[in-house]
Amino acid sequence: MRRHNRGFTLIELLIVVVIIGLLATIAIPSFANSKERAYVSRMKEDLRRLATAQEAYIADNAAYYNGAVPNPALMFDPSPGVTITIVNVSPGGWGATAALPGVTSQTCAIFQGTGGPIGPATAEGVVACN
């Protein structure tokens, strides 16, 4: 009599498990890196939007905004979790930093006019991160 064994052998199952393990070791670090890039991208975008809001504020008030963010006086709200700190405000410029405390150790910065440079930003109007 001929037996019909249906199913997978132990060797076939072990080979599949090893292949899945190899794929996971490649994919997981890549996924973690993409999350970090997304956080940095969110902070950069918030600083760019802040620069636009500051230009609108100075056009209306003849001075740069120098206060806490968010504030109804400044038409800008940061993304959830992002902390924006405005520094070095003068009649000729301003600077700001962005951070995501508890999520990433990276910070981003931007400055305009006499408001900088503040690390890691070294070029006026260009967002830089460390």
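Select W94 and Q112 to begin: W94 stands opposite Q112 in β3. The model is predicted, with local features requiring pLDDT of at least 70 and side-chain atom pairs counting only at pLDDT 80 or more, whereas totals for chains, interfaces and linings use all residues. Residues are numbered from 1 along each chain as its sequence is written, and side-chain values use heavy atoms, with hydrogens and water left out.

**The sheet**

Extend the selection to β2 and β3, which run antiparallel and are joined by 7 bridges. Two strands count as paired if DSSP finds at least two bridges between them; strands (E, at least two residues) and helices (H or I, at least four) are DSSP runs numbered from the N terminus.

Next, add residues 83–90, which are strand β1, and residues 93–99, which are strand β2; the two pair in the antiparallel sense over 6 bridges. These strands form a hairpin, with 2 residues between them. Within this pairing, I86 stands opposite A96 in β2, and T83 stands opposite A99 in β2.

On β3, select C108; the bridge partner of C108 in β4 is C129. The antiparallel pairing of β3 and β4 comprises 2 bridges.

Now display the four strands together: they form an open sheet in the order β1-β2-β3-β4, with antiparallel pairing. One side of β1 and one side of β4 (128–129) are left without a neighbour in the sheet, because these two strands stand at the edges, each with a single partner strand.

**The helix on the sheet**

Select residues 10–61, helix α1, which packs on the sheet and touches β1, β2, β3 (107–113) and β4. Contact here means heavy atoms within 4.5 Å. The direction of α1 makes about 155 degrees with that of β2; axes are lines fitted to C-alpha atoms, for helices over the stretch in contact, and angles run from 0 to 180 degrees between N-to-C directions.

**The cores**

Turn to the largest nonpolar core, which has 23 residues; L47, L50, L74, I84 and I86 have the most contacts inside it. Such a core is a set of buried Ala, Val, Leu, Ile, Met, Phe, Trp, Tyr and Cys residues joined through side-chain atoms within 4.5 Å, where buried means under 20% relative accessible area (1.4 Å probe, protein chains only). Two or more residues of this core come from each of α1, β1, β2 and β3, and α1 gives the largest share, 8 residues.

Centre on I84: beyond its neighbours within four places in sequence, I84 is in contact with residues including D46, L47, L50 and T97.

Finally, select A109, F111, I118 and A121, which are among the 5 residues of a second, separate core. β3 itself is mostly covered, with 5 of its 7 residues buried.

Methods: Buried < 20%, exposed > 50% of the residue type's maximum accessible area, 1.4 Å probe, protein only.
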